Protein chains: 2
Amino acid sequence: MAKKTPTLSNPNVSVDCVVFGFDGSDLKVLLVERYRRDNLDFQDDTLVLPGDLINNNEDLNEAASRILYDLTGLTKIFLQQIGAFGSPKRLSKPKDIAWLEAVRMNPEARVITIGYYALINIKNYKVRPSSFAKHVVWRGYDEVGELGFDHNDILEKAIHDLRGQLYREPIGFELLPNQFSLHQLYSLYNEIMGGGIDRRNFRRRILKTGFLKETEEYQEGVPHKPARLYTLIPEEFEHASKNNFKFY
Amino acid sequence: MAKKTPTLSNPNVSVDCVVFGFDGSDLKVLLVERYRRDNLDFQDDTLVLPGDLINNNEDLNEAASRILYDLTGLTKIFLQQIGAFGSPKRLSKPKDIAWLEAVRMNPEARVITIGYYALINIKNYKVRPSSFAKHVVWRGYDEVGELGFDHNDILEKAIHDLRGQLYREPIGFELLPNQFSLHQLYSLYNEIMGGGIDRRNFRRRILKTGFLKETEEYQEGVPHKPARLYTLIPEEFEHASKNNFKFY
DNA sequence: AAACTTAGTGTAAAAATTACACTTTGAAAA
DNA sequence: TTTTCAAAGTGTAATTTTTACACTAAGTTT
């Protein structure tokens, strides 16, 4: 049996990323059409989370960063590990098997995957002229249908952890532009949490935390009273992130 | 190169368990002396968390359960995954390398490990007459020194997650006998949280949750007023576990 | 019988949370 | 230029939750 050229990638461990974006009103997830590395025309029109086998010399977070860089061209993305998914049956749907056989060197290998979620500002994202590019799609969180592999499980865990973390750490700003209105921030929280947050109380609370600074800038081009824009004060933000701070 | 007999275990993925126990006043962790599977006299007197490579046909939780069963003889242990640890350098201390070379089929293999924590009632645990037995030791959480591999990182993440979970889910009863006094429960919470909980307020709050039922039993053999014993009401407990309940 | 140890109970003050409605501002339409 | 529209922005009272804190009760040991 001719030995294939050695690869750096580890056949047993992959990383999959749930990339959340926010367009001002809806929480979105970045999905890719399953494709074939050496034949971009091959596809089985199944949507999956972006992911890849890890390389043997690379840390798990590095692998996730690499995947996100390939996908978006962005570096320094907010990343959070959500755990390992390792059911022996996680790759056993017929279409999944067919895809693995078409693409992987060891299609029968046991693969456990490490899930991550990432938060990115959707405006910073541009389709890259990379191999991924034409297969990428944003989907509203509520419109994500059945994904390949066990990726619906990973997505579910991601939203669960995101919600939990949003409650007690001041994350979520990664999803917004550098300057944002309180309404944008409110919409973000309200959307991720599934609604029900009082607008006025939210405003009071978030200002009381002290990690927002008002700027002298205002919204432009809106057909109503323009809202003041705010920025994050990084030091206060960091401080609040420790000391098991509870925001909401 | 002669091929070794095929093994079921996957060379790239392991599971390590932080086993917490409670003796009534101190939080303890179960550690094992690093040993050699085929030569129990071999040991390098380094303490590590109990763990093992996973088998290819086994789920991650199953692997953790298997390890805990081998170690304690207990089944149905409360288990919580805390995530994957995958630094390429995690097995690179000289002593770690020496041990791997003595024990593993592929000592140079990249191994990522999935961490778990487990809660067990220390009274139910008896040293098993197994290969593990003579290498097992309970250590007070505060007295755990330097462990092999990256196991101090895993321990740290475990206590962090345990504390977080204790705040918002009614776990921790696994560490106590079936019937327990409120003082025992209080001590447990106070110890895990690192102190500072008001005894009277704790009592009021935990009773208000409604998942404790008072029994007609009392402590015996204590040199003071005996405390009433309580049990958990499983249904209420389950109900509270969902609905992102916040206890403390 | 006295001393000791832990069990068990209540309340008042402070802080946090909730619910809720009207005025302001700028752009667009009439 | 006036009117309309849409979102920005602001305050308070009632309720609930949290906190801090000290004494009495009951059983065992001396």
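**View 1. Arg199(A) at a base of DNA strand D.** An N or O atom in the side chain of Arg199(A) lies 3.1 Å from a base oxygen of DNA strand D; a polar contact here is a pair of N or O atoms within 3.5 Å, and within protein one must be able to donate a hydrogen and the other to accept it, with residues adjacent in sequence counted only if both atoms are side-chain atoms. The model is predicted, so that local features need pLDDT of at least 70 and side-chain atom pairs count only at pLDDT 80 or more, whereas totals for chains, interfaces and linings use all residues. Residues are numbered from 1 along each chain as its sequence is written, chains are lettered from A and ligands numbered from 1 in the order in which they are written, and side-chain values use heavy atoms, with hydrogens and water left out.

**View 2. Phosphate contacts and surroundings of DNA strand D.** A phosphate oxygen of DNA strand D is 3.2 Å from a side-chain N or O atom of Arg203(A), and a phosphate oxygen of this strand is 3.4 Å from one of Arg205(B). Around DNA strand D are 20 residues (near: a heavy atom within 4 Å), of which His183(A), Arg199(A), Arg200(A), Arg228(A) and Arg200(B) come nearest. This surface comprises 12 charged (Asp, Glu, Lys, Arg), 4 nonpolar (Ala, Val, Leu, Ile, Met, Phe, Trp, Tyr, Cys, Pro) and 4 polar residues (the others, Gly among them). H5(B) gives the most to it, with 5 residues; helices are DSSP runs (H or I) of at least four residues, numbered from the N terminus.

**View 3. Contacts to DNA strand C.** Two bases contacts involve side chains: an N or O atom of Asn201(A) is 3.3 Å from a base nitrogen, and an N or O atom of Arg199(B) is 3.1 Å from a base oxygen. At the backbone, a polar atom of Arg228(B) lies 3.0 Å from a phosphate oxygen of DNA strand C. Helix H5 (199-208) of chain A and helix H5 (199-208) of chain B are the elements that give two or more residues to the surface near this strand, and H5(A) contributes the largest share, 5 residues.

**View 4. The rotation axis between chains A and B.** Chain B superposes on chain A by a rotation of 180° with 0.0 Å of shift along the axis, at an RMSD of 0.1 Å (least squares on C-alpha atoms of residues with pLDDT of at least 70 in both copies). The two copies are therefore related as by a two-fold rotation axis. Among the residues of chain B, Gly83(B) comes closest to this axis, its C-alpha lying at 2.1 Å.
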